[in-house]
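Biologist: I'd like to learn how to read a fold from its strands, helices and contacts. Could you walk me through one?

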Amino acid sequence: MGNFIKDKNESDILTKDFVNPILEKHKAIFVRNSNSKDRKERLQWDCMYKTPNGIITIEHKFDRQTKVTRNIFIEFEDRGKPSGISTSTAEYYTYLVLDDEPKLYITPTSVLKEKIVPLHTTIVKGGDNYLAKGYLINIDKCKEFLTCMN
C-alpha cells in the first residue's frame with residue numbers, strides 16, 4: 001500500500017540523485033519541479049528541464065519491484081478520475097528501474113500513449129491505498145519505444 005508523502009519524498013530524492021545527473025549528461029538541465037500549490041500543473045507534469053532545443057517537461061516514475069517482476073505500472077485513473085498517463089501534458093515520461101545498477105528509460109509521452117493500449121495485458125490497482133488503476137506491462141515489451149539513458 002502506498003503512502004503519497006513518503007513516495008513523493010522518495011521520488012524527489014531519486015530524481016535529484018539518479019535522474020537529474022543522467023539527464024544532465026544528455027544536456028537536459030533541471031529548472032524546477034511542478035508547483036505543488038498549483039493542482040492543475042502538479043497533475044500535468046513533474047519536472048521542467050532546459051535543453052539545447054528549449055524547455056521540456058517530464059513525468060517521472062519509478063518502481064522498486066520492476067527488477068523482480070519485470071513489469072511497469074502506468075497509472076491512468078485515481079479515485080475514479082482520469083490521472084497519470086490520461087492527464088499528463090509532459091513531453092516525456094521517464095521510468096527509473098531500481099536494479100543493482102539503476103536504469104533510466106525515457107520515451108515521448110505521445111509515443112507511450114499510442115503504444116500502451118495495444119501492449120497492456122492487465123489492469124491492476126495500485127498507488128495510495130490501491131485507489132488508482134493502471135496498466136501492468138512487461139518492460140521487455142516496451143523496449144522498442146523506451147530508450148535507456150545510461
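Biologist: Let me start with a pair of strands: how many bridges join strand 8 to strand 9?

Modeller: Five, and the two strands run antiparallel. One thing up front: this is a predicted model. To see one of those bridges, pick Lys125, whose bridge partner in strand 9 is Lys133. The hairpin of these strands has five residues between them, and Gly127 there takes a positive phi near 75°.

Biologist: How do I go from a pair to a sheet? In what order do the four strands of the open sheet come?

Modeller: You follow the pairings from one strand to the next. Here that gives 5-4-9-8, with antiparallel pairing. Strand 5 (81-82) and strand 8 (122-126) each have a single partner strand, so they stand at the edges with one side left without a neighbour in the sheet.

Biologist: And the helix on top? Which strands does helix 4 lie across in this sheet?

Modeller: Strand 4 and strand 9, and helix 4 runs at about 80° to strand 9.

Biologist: Now the other sheet. What is the strand order in the open sheet of six strands?

Modeller: That one reads 1-2-3-6-7-10, and its pairing is mixed. The edges are strand 1 and strand 10 (147-148); each has a single partner strand, so one side of each lacks a neighbour in the sheet. Helix 4 packs on this sheet too, touching strand 6 and strand 7 (103-108), and its direction makes about 85° with that of strand 7.

Biologist: Let's zoom in on its edge. How many bridges pair strand 1 with strand 2?

Modeller: Four, in the antiparallel sense. In one of them, Phe30 has Tyr49 of strand 2 as its bridge partner.

Biologist: Those are both aromatic residues. How many aromatic pairs does the structure hold?

Modeller: Two. For each pair you check the distance between ring centres, then the angle between planes. Phe30 and Tyr49 have their ring centres 5.9 Å apart and their planes at 75°, so this pair is edge-to-face, the cut-off being over 60 degrees. Phe30 sits in strand 1 (residues 29-33) and Tyr49 in strand 2, so the pair ties together parts that are 19 residues apart in sequence.

Biologist: Is Tyr49 buried or exposed?

Modeller: Buried, because its relative accessibility is 0%. Phe30 is partly exposed, with a relative accessible area of 32%.

Biologist: What about Met48, next door in the sequence? Which residues does Met48 touch, beyond those up to four places away?

Modeller: The contacts of Met48 are Ile29, Phe30, Val31, Arg32, Ile55, Ile56 and Thr57. Met48 is in strand 2 (residues 47-51) and counts as buried because its relative accessibility is 17%, under the 20% cut-off. Try a distance as well: Met48 and Ile29 are 19 residues apart in sequence and 8.5 Å apart in space, C-alpha to C-alpha.

Biologist: Thr57 came up there. With which side chain does the side chain of Thr57 make a polar contact?

Modeller: With that of Glu91, at 2.5 Å. Thr57 belongs to strand 3 (residues 54-63) and is buried, with a relative accessible area of 9%. Besides Met48 and Glu91, Thr57 is in contact with residues including Trp45, Cys47 and Tyr92.

Biologist: Does a threonine always reach for a side chain, or what else can I look for? Take Thr66: what does its side chain reach?

Modeller: Backbone atoms are worth checking too. The side chain of Thr66 reaches the backbone oxygen of Asn71 at 2.9 Å. Thr66 lies in helix 3 (residues 66-69) and is buried, at 0% relative accessible area. Its contacts further along the sequence include Ile72, Tyr95 and Ile139.

Biologist: Last topic, the cores. How many residues does the largest nonpolar core have?

Modeller: As a general idea, nonpolar side chains in soluble globular proteins tend to be buried together. Here the largest nonpolar core has 18 residues, and those with the most contacts inside it are Ile72, Ile74, Leu112, Ile137 and Cys142. Strand 4 (71-78), strand 6 (92-97), helix 4 (109-119) and strand 9 (132-138) each give two or more residues, and strand 4 gives the most, with four. Apart from this core lies another, of 14 residues, among them Val19, Ile22, Ile56 and Leu98.

Biologist: Which residues does Leu112 touch, leaving out those up to four places away?

Modeller: Ile74, Ile85, Tyr93, Thr107 and Phe145.

Technical notes. Residues are numbered from 1 along each chain as its sequence is written. This is a predicted model: local features need pLDDT of at least 70, side-chain atom pairs count only at pLDDT 80 or more; totals for chains, interfaces and linings use all residues. Side-chain values use heavy atoms; hydrogens and water are left out. A nonpolar core is a set of buried Ala, Val, Leu, Ile, Met, Phe, Trp, Tyr and Cys residues joined through side-chain atoms within 4.5 Å. Buried means under 20% relative accessible area, exposed over 50%, partly exposed in between (1.4 Å probe, protein chains only). Contact means heavy atoms within 4.5 Å. A polar contact is a pair of N or O atoms within 3.5 Å; within protein, one must be able to donate a hydrogen and the other to accept it, and residues adjacent in sequence count only if both atoms are side-chain atoms. Rings of Phe, Tyr and Trp (its six-membered ring) pair if their centres lie within 6.5 Å; planes under 30 degrees apart count as stacked, over 60 as edge-to-face and the rest as tilted. Two strands pair if DSSP finds at least two bridges between them. Axes are lines fitted to C-alpha atoms, for helices over the stretch in contact, and angles run from 0 to 180 degrees between N-to-C directions.
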